[in-house]
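Biologist: Could you take me through one part of this model in some detail? I would like the cut-offs along the way, please.

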Amino acid sequence: MYCRNCGNQMADNAAVCVKCGVAAGMGTSYCPNCGQPTVPGAAACPNCGVMLTQPVPAGEQKSKMAAGLLGIFLGSFGVHNFYLGYTGKAVAQLLITLLTCGFGAVVSSIWGLIEGILILTGSISQDGKGIPLKD
């Protein structure tokens, strides 16, 4: 197996690439089968023909619009991160708001607003499982 981010050869059971630190399977620059450079967005490797993208089952994609609006309006409670499957960040935002008796809500509201805008602009384009968000 090869790192999809840097092309370095990895052990089949490796969780991250030891060269670049990116999680196994993440990235679009190299083929995980042969390690050759690929065209970003290509469905198959031009060198060995292995499928680079897995089809996303219908109904599993989350809405970019819903996630962005949840981040903007309910970001202080981490609702958008719960929706997208980023439970660690969501719990952190919720605890900041609740454990400070609402005084920390300003911080988590700004955090949620920024993430909501990033989701709507496409900078955050995947959910917690790595599935692309639908428009």
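What gives the most to the nonpolar patch, and with how many residues?

Modeller: Happy to: α1 gives the most, with four residues. A word on the ground rules before the details. The model is predicted, so local features need pLDDT of at least 70 and side-chain atom pairs count only at pLDDT 80 or more, while totals for chains, interfaces and linings use all residues. Numbering starts from 1 along each chain as its sequence is written, and side-chain values use heavy atoms, with hydrogens and water left out.

The nonpolar patch on the surface is formed by M65, L69, F73, L74, F77, L98 and L120, which together have about 670 Å² of accessible area. Patch members need over 30% relative accessible area and no salt bridge, and nonpolar side chains (Val, Leu, Ile, Met, Phe, Trp, Tyr) are joined within 5 Å. The areas come from the Shrake-Rupley method with a 1.4 Å probe, and for residues only the protein chains shown count as cover. Helices are DSSP runs (H or I, at least four residues), numbered from the N terminus. Among the patch residues, L98 lies in helix α3 and counts as exposed, at 51% relative accessibility. Here buried means under 20%, exposed over 50%, and partly exposed in between.

Helix α1 also takes part in one of the two salt bridges in the structure; such a bridge is a side-chain nitrogen of Lys or Arg within 4 Å of a carboxyl oxygen of Asp or Glu. K64 is bridged to D135, with 3.1 Å between the closest N and O atoms. K64 belongs to helix α1 (residues 64-74) and D135 to the segment after α4 (105-121), so distant parts of the chain, 71 residues apart, are linked. The two partners contrast in exposure: K64 is buried at 18%, whereas D135 is exposed at 78%.

Helix α3 has its own bridge, between the side chains of K89 and E115 (2.9 Å, N to O). K89 is in helix α3 (residues 87-99) and E115 in helix α4, so this pair ties together parts 26 residues apart in sequence. K89 is partly exposed at 31%, while E115 is buried at 8%.

K89 has a ring contact as well: it lies over the face of Y86, 4.9 Å from the ring centre. That label requires NZ of Lys or CZ of Arg within 6 Å of the ring centre and within 35 degrees of the ring normal. K62 sits over the face of Y83 in this way, at 5.3 Å from the ring centre.

Definitions and conventions. Helices (H or I, at least four residues) and strands (E, at least two) are DSSP runs, numbered from the N terminus. Buried means under 20% relative accessible area, exposed over 50%, partly exposed in between (1.4 Å probe, protein chains only). Patches are made of residues with over 30% relative accessible area and no salt bridge: like charges are joined within 9 Å, nonpolar side chains (Val, Leu, Ile, Met, Phe, Trp, Tyr) within 5 Å.
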